[in-house]
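Q: I have a model open and I'd like to learn how to read it feature by feature. Can you walk me through it?

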Amino acid sequence: MSSSSRSSSNTYFVFNHSSSIICFENGLIISFIYFGVQFTARIKYSPEEEARLERQHFWRIIDAFRFYRVHVGEQVKRAERQFLSLPQHHQDLLPNVLSNLSRISQCADHNQELLQAIVHNSLHMFENIEYGERENSQKVRPSTTFDMDKLKSTIKQFVRDWSEVGRAERDSCYQPIIHEIQRLFPSDKYDVSKVSVLVPGAGLGRLAWEIARLGYICQGNEWSFFMLFSSNFVLNRCEQVNSLTVYPWIHQYSNNKKSSDQTRPVRFPDVNPQSLPLDADFSMVAGDFVEVYSDPESWDCVATCFFIDTAHNVIEYVESIWKILKPGGVWINLGPLLYHFENMANELSVELSYEDIRTAIVKSGFHIEMEKQSVQTTYTENECSMLRYVYDCVFFVARKPADVHFNCQEDDQQQISPPAAKSPRREGTDSLT
């Protein structure tokens, strides 16, 4: 695994109360803003209590990464016990089961090495703040089933975003968005280096990276530490094509046609993430989308992919997108409505139909310029599985009228096209080298 950065200069983080910044040699920035534990209603804490909660959450996610091998090992041991409980003559009919379980254990060992590398690059992400070391810092601490499921889902994100295996999936849901951006902001009519695109729910950053590669100002937004640790690793520590291997399917014991399907490897990254042009303006900001993005009329385009159903209240997302778009700006959306908080106790979750959301979008003032109500795609699909989920997604482009500002006052003169945004990078932070 490569642990070197783009040049011999060290990559570092700076923590500035609500944000911290990682600087890449070519000007790329990842800023991390984290607001502690998520609640149905935000609770105001003292700075000391907020720091304690943030530290607690940080180490909880680190613990999940470190507990992975133990967790998978327990699953393997259970499968071995179940197999050995069979009558001997049944076991004799299945000569390869134990050897496959042994192979799963070996693959889990390899995955743990990758996760340890991610943890190593996450422990000291900030230049001027430390979460400290705990007593018995190398001790592996138990993690919840919820966190382990999140971690295993994150492992599959490497396939979706940064492998050749995930290309078809990316083509089905990322490319339509990219094509719309290029159609709406063509390089022969716009200085694309001044067109700003925001990608909320950026995951491991591939969609935002691809948009930045085309010359647009692009910023991804993500709130999950699972995703942030992993995106930091792949964007800042991976520079050789297909130099790393992950075994993403070893956790799937059902619907395997062949035993070897469960242990097949996937290599990544399929491109060099650090190969963006030197003048690329690409950044990722961590934190809650609604709380982080409050400056009105700041963006030319907001591109959401498999995102709006992560809301407790999707109408809040609609309002935020309307607010931050410039007059004449566009919202491009592709995705389903699998509401993330639907079955979570003590969490607000309003599950609306697309019909209801569409009505709210139009009533908010958007003009829907393009709409497809049946775009089929998958999400972290296992192409060898006997069970596959296909999402029948909605895909639309909605424009904020050029003569309407956030305060709903109309301009005397309509703008022909949305002006280019300034760079979204924050000012007033410590200088970066």
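**Reading the model**

A: Let's begin at the end of a helix: α6 is followed by Gly-215, whose phi is positive, near 105°. Keep in mind that this is a predicted model.

Q: Is helix α6 enclosed or open, and how many of the residues of α6 are buried?

A: The idea is to count residues under 20% relative accessible area. In α6 (residues 206-213), 7 of the 8 residues are buried, so this helix is largely enclosed by the rest of the structure. The buried ones are Arg-206, Leu-207, Ala-208, Trp-209, Glu-210, Ile-211 and Ala-212.

Q: What about the chain overall: how many helices and strands are there?

A: The chain has 11 helices and 12 strands. Of its 433 residues, 52% count as buried. Then look at sequence separation: of the contacts with a separation of 6 or more, 76% are between residues 24 or more positions apart.

Q: How do I check a helix's length, and what span should α5 have?

A: Multiply the rise by one less than the number of residues. Helix α5 (residues 167-184) has 18 residues, so at 1.5 Å a residue it should span 26 Å; its end C-alpha atoms are 24 Å apart, which agrees.

Q: Where is the kink in α5?

A: A kink is read as the angle between axes fitted on either side of a residue. In α5 there is one of about 40° at Tyr-174, shortly before the proline Pro-176. Both Tyr-174 and Pro-176 are buried, and the buried set of α5 also includes Glu-169, Arg-170, Ile-177 and Leu-184.

Q: Which residue is the kink in α4 centred on?

A: That would be Lys-156, with a kink of about 25°. Run the span check here too: the 18 residues of α4 (residues 145-162) should cover 26 Å at 1.5 Å a residue, and the end C-alpha atoms are 26 Å apart, so the two agree. Among the buried residues of α4 are Met-148, Leu-151, Ile-155, Phe-158 and Trp-162.

Q: Now single residues. Is Phe-67 buried or exposed?

A: Compare the relative accessible area with the 20% cut-off. Phe-67 has 9%, so it is buried. This residue is found in helix α1 (residues 47-84).

Q: Which residues is Phe-67 in contact with, leaving aside neighbours within four places in sequence?

A: They are Glu-74, Gln-112, Val-140, Arg-141, Pro-142, Ser-143 and Met-148. Take Val-140: Phe-67 and Val-140 are 73 residues apart in sequence, yet their C-alpha atoms are 5.9 Å apart in space. And Met-148 also appears in the buried list of α4.

Q: Does Ser-105 count as buried or exposed?

A: Ser-105 has 16% relative accessibility, so it counts as buried. You'll find Ser-105 in helix α3 (residues 97-120). Setting aside neighbours within four places in sequence, Ser-105 is in contact with Arg-69 and Val-76.

Q: Back to the backbone. What is the phi of Asn-255?

A: For phi, look at the sign and then at the residue type. Asn-255 has a positive phi of about 60° although it is not a glycine. Asn-255 sits in the loop between β6 (244-246) and α8 (259-262), and at 33% relative accessibility it counts as partly exposed.

Q: What is the phi of Asn-346, and where is Asn-346 found?

A: Its phi is positive as well, about 60°, and Asn-346 is not a glycine. Asn-346 is found in the loop between β10 and α11. With a relative accessible area of 73%, Asn-346 is exposed.

Q: Which residues does the cis peptide bond join?

A: For this you read omega. The bond joins Phe-268 and Pro-269, with omega about -10°. Pro-269 is found in the loop between β7 (266-268) and β8 (282-286).

Q: Last one, internal space: how many cavities of 30 Å³ or more are there?

A: The count comes to 2. The second largest cavity holds about 40 Å³ of space. Its lining is made of Ile-308, Asn-333, Gly-335, Pro-336, Leu-337, Tyr-354, Ile-357 and Val-394.

Q: What is the make-up of that lining: how many residues are nonpolar, polar or charged?

A: The lining of the second largest cavity has 6 nonpolar residues, 2 polar and no charged. Both β10 (325-335) and α11 (354-363) supply at least two residues of that lining.

Note on methods
Residues are numbered from 1 along each chain as its sequence is written. This is a predicted model: local features need pLDDT of at least 70, side-chain atom pairs count only at pLDDT 80 or more; totals for chains, interfaces and linings use all residues. Side-chain values use heavy atoms; hydrogens and water are left out. Helices (H or I, at least four residues) and strands (E, at least two) are DSSP runs, numbered from the N terminus. The bend at a residue is the angle between axes fitted to the seven residues ending there and the seven starting there. Buried means under 20% relative accessible area, exposed over 50%, partly exposed in between (1.4 Å probe, protein chains only). On a 1 Å grid over the protein atoms alone, a cavity is a set of points where a 1.4 Å probe fits but cannot get out, and a pocket is an open set with protein on both sides within 12 Å along at least five of seven lines; lining residues have an atom within 4 Å of a point. Grid points are joined across faces, edges and corners, and a volume is the space filled by probe spheres set on the points. Ala, Val, Leu, Ile, Met, Phe, Trp, Tyr, Cys and Pro count as nonpolar, Asp, Glu, Lys and Arg as charged, and the others, Gly among them, as polar. Contact means heavy atoms within 4.5 Å.
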